[in-house]
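Please work through the following exercises on chain contacts, aromatic pairs and salt bridges. Each task is followed by a solution in steps.

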Amino acid sequence: MKTFDKKFTLLWLITILIVFLVAIAFGITMRMEQAEMVDVGPLNFYILMTSHGLLMAGVWFVAGMAGIQYILSRYFEVPRWGSVVAYACTLAGVVVLLISTFLTKFHAGWYFLYPLPFYAKGADSGPVLFLIAIAILGAGWLLWSLVLLVTILRKYTVTQALAWHHITGRPGPAVSPFILISFVSLIGVTACLLAAVVLVILYFIELARSGTMSNDPLLMKNLTFFFGHTLVNEMLYLGLAVLYELFPKMAGKPAYKTSWYVAISWNATLLIVLFAYFHHLYMDFAQPVAFQFIGQVMSWFAPLPAACVTIFSVLTTVYRSNMKWSLASLLYFFGVMFWAVGGVGAILDAVIANNLVLHNTQWVPAHFHTYNLLGNVFFSLAFASWFADEYGSEKMAPSMVKVIFSLLVIGGTGFVIAFYLGGALSVPRRVDMYSETVDEGISLAKMAVVFASLYLVGMIMYTVDFTKRCAGQLFS
Amino acid sequence: MIIQKEVFLVFSMMFIIIVTVFFLVFISSKKIGEFQNLNRKRAIFFFIAFGTVLLVLGVSLPKSPYFLYANDQPAQKVFVAAKQFSFSISKYPIATDDDFNMSAGAEITVPIDEIIEFNVSSLDVNHGFSLYKDGVLQAQVQAMPGYVNRLRWRFSESGTYDILCLEYCGVAHAAMAAKLKVE
């Protein structure tokens with residue numbers, strides 16, 4: 001069982017790293033097109049954009065899940081088939097997705113805002129194939145999250161897994177922060193994947209009725225962002241759950257315990273995250289104002305429990321710890337720093353009055369790339385580094401640690417700063433070229449290409465080193 | 001100062017503070033010691049953050065654009081319809097493709113320092129209706145099929161405003177633009 005868990009986690013990690021490199025290459029090509037350094041044309045640009053977005057969201061979601069699956073297997077017997085089915089569905093979903101985008105030219109963007117899939121479809125089979133890809137991915141991941149939820153519930157009741165007894169002081173089993181955060185995040189994942197299922201069903205009903213009925217665009221938009229926003233948030237929390245488990249040991253400190261405020265924080269996060277997505281619809285003035293206000297209030301309260309507790313814990317763990325830094329601990333520590341920076345960018349955009357001039361500008365990719373590329377990705381790379389240090393043939397050479405870490409941080413920071421400047425200069429996001437009105441975007445795209453290339457070099461070195469150290473384990 | 005610059009300034013300050021704190025703690029990790037008064041400092045940290053959130057919500061929510069000139073009578077209503085990949089702007093409602101074609105390409109002029117109500121919708125997919133002056137985004141609203149989004153706005157500067165689509169709407173999205181004159 002344990003050998004299987006190790007090998008399968010390794011398979012997940014190698015697959016994730018390879019898909020990540022491909023998705024980065026797509027992203028750099030998009031920025032090169034915006035910088036007028038290449039000429040792929042608008043259709044290919046939006047095909048790349050659709051593929052890049054969905055691959056990135058998907059790959060780092062499964063990275064978080066693979067981390068959770070592995071750490072859970074150290075606590076309990078976790079059924080293998082959930083992860084195996086999810087792996088098969090992920091591979092099949094990615095293949096169908098790439099067929100829909102590159103062969104049938106589907107180009108409606110990763111969150112395929114209704115009714116765009118019927119207009120930006122390429123061939124007639126484009127939206128059908130794309131929706132099949134989403135259905136395969138959604139079904140596999142939903143099943144996986146249910147398997148993990150049930151695994152936790154075999155040992156704990158719902159209230160125990162939510163650590164309510166740590167709040168009330170009633171007797172009960174000690175629940176680690178890892179179990180609590182995993183449970184909370186998996187509930188959120190299940191909720192948003194169910195929304196995706198409903199969304200896909202509604203699309204298929206409309207397709208089946210071929211023009212005789214149409215869905216409500218505002219309802220579809222709410223479903224889309226409930227799914228997309230929540231998925232991206234929860235995948236970050238999956239990475240954090242593993243951080244809570246591994247980071248204190250890296251610092252030579254005792255394991256984190258679930259105190260009353262940790263329990264309250266993550267229970268609050270469970271609720272808050274489900275309602276923050278309304279901020280994606282601020283500029284839809286037809287949406288009831290009460291929802292818009294809920295969006296801003298929840299977006300501003302969201303960082304309080306999870307981020308404040310985590311940031312404070314990580315800082316106090318490292319403070320005068322005399323710890324020996326590895327690539328894993330560096331990525332965790334600075335991943336939390338960039339998560340905080342990206343969070344500031346996000347909540348500034350979540351002020352409705354600011355959103356009036358920031359919505360759909362480059363401020364949006366600025367903040368989500370900060371807490372994904374430099375936050376969430378760092379958390380999963382930290383897990384992979386820890387995994388390679390534990391089970392690989394050798395430790396990473398210190399010089400390699402310095403080079404890879406510097407490339408990722410310098411490359412990633414310069415890349416996101418180009419987006420922040422773009423947001424401040426009103427440069428729109430998701431365009432293949434910049435009109436005269438916003439032509440500052442061209443030089444910022446050139447800057448982004450240079451820094452993203454540094455990040456890519458760092459990731460290639462990371463992937464080669466990881467594979468060299470661990471691939472032997474896969475076949476041993 | 002325009003909002004974008006204010007936001008960028010606040011963000012830059014917070015960026016510097018966060019990075020400084022993390023680097024100081026990182027440097028401290030070479031030493032041995034204990035973090036003193038952990039619970040007290042955590043409580044202070046939390047209450048400062050909680051207070052800041054309440055303050056920001058209290059100040060910013062009333063400034064939401066839904067309330068802009070809500071109790072005033074607009075001097076002019078302007079109807080905007082979006083359709084892949086152009087805008088149609090008129091003083092009359094645009095409900096059909098014929099309405100759209102009739103006013104497509106027409107130049108509209110609106111008065112300066114008066115309240116203008118933009119009634120924005122779409123005849124196909126989601127689009128964005130945004131107003132730029134000299135490359136700076138002034139305001140925006142989504143153009144959604146089946147719904148009308150109403151944005152009230154007072155132009156304080158005369159001249160030609162660029163209208164750009166800010167919601168990805170398909171292959172020629174980047175070229176979807178129009179002009180509005182303010183006199």
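The exercises below concern a predicted model.

**Exercise 1. Describe the contact between chain A and chain B by its residues, its buried area and its salt bridges.**

Solution.
- Step 1. Chain A contributes 81 residues to the contact, and chain B contributes 74 residues.
- Step 2. The two chains bury about 7200 Å² between them, and carbon and sulfur atoms give 74% of this area.
- Step 3. On the side of chain A, the residues that lose the most area to chain B are F285(A), F312(A) and R320(A), together 11% of what that side buries.
- Step 4. Salt bridges are then sought across the interface of chain A and chain B, and the rule finds 0.
- Step 5. Aromatic residues of both chains also come together: ring pairs link W325(A), F333(A), F334(A) and F405(A) with F22(B), F23(B) and F26(B) in a cluster.

**Exercise 2. State the domain assignment of chain B and the separation of the domain centres.**

Solution.
- Step 1. Domain 1 of chain B covers 3-66, and domain 2 covers 71-182.
- Step 2. Taken over C-alpha atoms, the centres of domain 1 of chain B and domain 2 of chain B are 39 Å apart.

**Exercise 3. Classify the ring pair formed by F87(B) and F129(B), and place both residues in the chain.**

Solution.
- Step 1. Over all chains, the structure holds 68 aromatic pairs.
- Step 2. In the pair of F87(B) and F129(B), the ring centres are 6.2 Å apart and the planes stand at 75°, so the pair is edge-to-face. The cut-off for this class is an angle over 60 degrees.
- Step 3. F87(B) belongs to strand β2 (residues 86-90) of chain B and F129(B) to strand β5 (residues 127-133) of chain B, so the pair links distant parts of the chain, 42 residues apart.
- Step 4. F87(B) counts as buried at 5% relative accessibility, and F129(B) counts as buried at 1%.

**Exercise 4. Which rings lie beneath the charged end of R430(A) and beneath K133(B)?**

Solution.
- Step 1. R430(A) places its charged end over the ring of Y111(A), 4.6 Å from the ring centre.
- Step 2. K133(B) lies over the face of Y161(B), with 5.7 Å to the ring centre.

**Exercise 5. Examine the salt bridges of R469(A), D97(B) and R152(B), giving partners and burial.**

Solution.
- Step 1. The structure holds 11 salt bridges over all chains.
- Step 2. R469(A) forms a salt bridge with D389(A), with 2.9 Å between the closest N and O atoms. The pair links distant parts of the chain, 80 residues apart: R469(A) is in helix α16 (residues 440-475) of chain A, and D389(A) is in helix α14 (residues 363-391) of chain A. R469(A) counts as buried, at 6% relative accessibility.
- Step 3. D97(B) and K83(B) meet in a salt bridge at 3.4 Å, N to O. D97(B) lies in helix α3 (residues 97-103) of chain B and K83(B) in strand β1 (residues 76-83) of chain B, 14 residues apart. D97(B) is partly exposed at 40% relative accessibility, and K83(B) is partly exposed at 21%.
- Step 4. R152(B) and E117(B) meet in a salt bridge at 2.9 Å, N to O. R152(B) is in strand β7 (residues 149-154) of chain B and E117(B) in strand β4 (residues 115-122) of chain B, so the pair ties together parts 35 residues apart in sequence. R152(B) counts as buried at 18% relative accessibility, and E117(B) counts as buried at 4%.
- Step 5. Through shared partners, salt bridges join K77(B), E117(B), R150(B) and R152(B) into one network.

Notes. Residues are numbered from 1 along each chain as its sequence is written. Chains are lettered from A and ligands numbered from 1 in the order in which they are written. This is a predicted model: local features need pLDDT of at least 70, side-chain atom pairs count only at pLDDT 80 or more; totals for chains, interfaces and linings use all residues. Side-chain values use heavy atoms; hydrogens and water are left out. Domain bounds come from an automatic or database domain assignment. Rings of Phe, Tyr and Trp (its six-membered ring) pair if their centres lie within 6.5 Å; planes under 30 degrees apart count as stacked, over 60 as edge-to-face and the rest as tilted. Helices (H or I, at least four residues) and strands (E, at least two) are DSSP runs, numbered from the N terminus. Buried means under 20% relative accessible area, exposed over 50%, partly exposed in between (1.4 Å probe, protein chains only). A charge sits over a ring if NZ of Lys or CZ of Arg is within 6 Å of the ring centre and within 35 degrees of the ring normal. Contact means heavy atoms within 4.5 Å. Buried area is the accessible area (1.4 Å probe) that two parts lose on being put together, summed over both. A salt bridge is a side-chain nitrogen of Lys or Arg within 4 Å of a carboxyl oxygen of Asp or Glu.
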